[in-house]
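Please open the model in your viewer, switch on a cartoon with side chains available on demand, and follow the stops below in order.

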Amino acid sequence: MRKSDYFVIGVMSGTSLDGIDLAYIHFSVENNYNFEILKANTVGYSAEWREKLNSAIDLEENQLQALNKEYTKYLAQVILRFIAENDIRNIDAVCSHGHTIKHEPQNAFTLQIGNLPEIAQYLNCKVVCDFRVQDVEFGGQGAPLVPIGDKILFNKYRYCLNLGGFANISEEQNGEMLAYDICAVNTVLNYFTRQIGEEYDDKGKIASGGKLNEKLLQKLNNLSFYNQNPPKSLGIEWVKAEVLPIITSEEISIPDVLHTYVIHVAQQVSHVLDNQQKSKVLVTGGGAFNDFLIEQFKSYSNCEFVIPEAKIIDFKEALIFGLLGVLRLEEKINVLSSVTGASKDHSSGKIFIPA
C-alpha cells in the first residue's frame, strides 16, 4: 500500500569536502510532496578524512575497495550519531548519496563510496543509495540528479542554481527539465583559501580585496567545456587537469586568484541565464553565503537572485536525495533523461534492507 507520509534522512557529501550534510525530513506525498526539514546538521571532515578523500582518485583498485569499506563504516557512524543526538525514532529509510571519488561518464564509469550493502546492517534500517550508477549504464551523465527535486519542490522559480563544489543549474523548457554543470566553484575557491590557512573565504571577503587579472580571466573563460552543449557534467578530475594548471601557471596572489575566479564564475553563470527578463533564480549551496560572488551575479545579470532561508541553502541537496529515495521506494521516476542524456527516464538507486 502506498504511504501518504515518509520520514527519511537525506545524506549528502559534496566534492568541496566541506563535510557530510544530514537532514531528517517529513514528506507528505498526498499533496505534491510537501516537505519539512525537521532536523539538520553538517558534520565536518577531519583533516585526515579530507586528505583520504582528496587523494582517493589516485588509489589502486584494492586500496580503493578498502577505502570504500572504511568510509561506509565511518558514514554509518556519522548517521547513527545524528540519529542519537536528535532522538530520531521514526525512519522509513536513509537516503544517501555517498561521496564521489571518480566521475567519468565519458568512460561509462562513476564511483560513489559509502554505498556498500553493509551500511544497512550498520544502521539497522532500510537504505536507498548509489543513485548515479544506473544512469551511466543507460548512457547518461549520471548527473545532475537534483533537477527532479527542483521540478517537484521548487517549481515557482525559473532557475535553480546550486553553488557547491560546482555550479549547476536547472530549468524547465517546453515541458522538459534541462540541467547541467556550469563550472567549478568551491572546489577551486577552497583549494586556494586552504593554502593561506582558511577553510573557505567567509562571505568572499578575501576575494573582494583582490584585483582582477585579465590574462587569467581570459584563459579560464576559454576552457573548451564551456562550448559543449548539455547534457554535461563535471568532476574533480576536470578541475585538477584543466583549471588548477591554468591558475597556478600565473604568479599572482591568492586574493587576486580568488577575485578573478569569482568574476569568472559570475560570467559563466550569466551566460546561461535569460538576461532579457527579470527571471527568479533560487540560489543554494555554500556559495550562496559568498556575498562578493552574489554581488558579481547581480552586476552581470538582470535576473532576480533569491537567497532562501539558511536551512534550504545548506541542506537542499540532502533534502532532494531524501526525495530521490522516496521516489525510488515508490518505484517512480527520479532521474530525467532530458537532464542526463540517458536512453530513458528511470527510477534509480539501490535499496538495501538489513537482514
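Select asparagine 124 to begin, in the loop between α3 (118-123) and β6 (127-129); helices here are DSSP runs of H or I with at least four residues and strands are runs of E with at least two, numbered from the N terminus. Although asparagine 124 is not a glycine, its phi is positive, at about 55°, and the residue is exposed, with a relative accessible area of 61%. Move on to aspartate 130, in the loop between β6 and α4, which likewise is not a glycine and has a positive phi of about 55°. Is aspartate 130 buried or exposed? Aspartate 130 is buried, with a relative accessible area of 9%; buried stands for under 20% relative accessible area, exposed for over 50%, and partly exposed for what lies in between, with a 1.4 Å probe and protein chains only.

Before going further, note that this is a predicted model, in which local features need pLDDT of at least 70 and side-chain atom pairs count only at pLDDT 80 or more, while totals for chains, interfaces and linings use all residues. Residues are numbered from 1 along each chain as its sequence is written, and side-chain values use heavy atoms, with hydrogens and water left out.

Next, select strand β2 (residues 20-28), where nine of the nine residues are buried. Ile20, Leu22, Tyr24, His26 and Ser28 point one way from β2, whereas Asp21, Ala23, Ile25 and Phe27 point the other way. Add β1 (residues 5-13), which pairs with β2 in the antiparallel sense over nine bridges; two strands count as paired if DSSP finds at least two bridges between them. Within this pair, isoleucine 9 stands opposite tyrosine 24, and the hairpin has six residues between its strands, with leucine 17 in the turn at a positive phi of about 60°. Then add β3 (residues 34-43), which runs antiparallel to β2 and is joined to it by nine bridges. Serine 28 faces asparagine 34 of β3, and in this second hairpin, with five residues between the strands, asparagine 32 has a positive phi near 60°.

Leucine 17 also leads to the second largest pocket, since it is listed with Thr15, Asn54, Arg194 and Ile236 as nearest the centre among 21 lining residues. The volume of this pocket is about 380 Å³, and α1 gives the largest share of its lining, five residues. On a 1 Å grid over the protein atoms alone, a pocket is an open set of points with protein on both sides within 12 Å along at least five of seven lines, a cavity is a set where a 1.4 Å probe fits but cannot get out, and lining residues have an atom within 4 Å of a point.

Now display the open sheet of five strands, ordered β9-β8-β7-β10-β11 with mixed pairing. β9 (176-184) and β11 (304-306) stand at the edges with a single partner strand each, so one side of each lacks a neighbour in the sheet. Inside the sheet, β7 (residues 159-163) pairs with β10 (residues 280-284) in the parallel sense over four bridges, and leucine 161 stands opposite valine 283. Show helix α11 (residues 291-300) as well: this helix packs on the sheet and touches β7, β10 and β11, contact being heavy atoms within 4.5 Å. In α11, Phe292, Leu293, Ile294, Gln296 and Phe297 are buried, and their cover includes α7 (205-208) and α10 besides strands of the sheet, β7, β10 and β11.

For the last stop, select proline 144, in the loop between α4 (133-137) and α5, where a cis peptide bond with omega of about -10° joins alanine 143 to this proline. Which residues line the largest cavity? Proline 144 is one of them, and the lining also includes Cys160, Leu161, Asn168 and Lys316; this cavity holds about 50 Å³ of space, a volume being the space filled by probe spheres set on grid points that are joined across faces, edges and corners. Proline 144 also lines the second largest cavity, along with residues including Leu145, Ile148, Val335 and Thr340, and the volume there is about 40 Å³.

Conventions:
Axes are lines fitted to C-alpha atoms, for helices over the stretch in contact, and angles run from 0 to 180 degrees between N-to-C directions.
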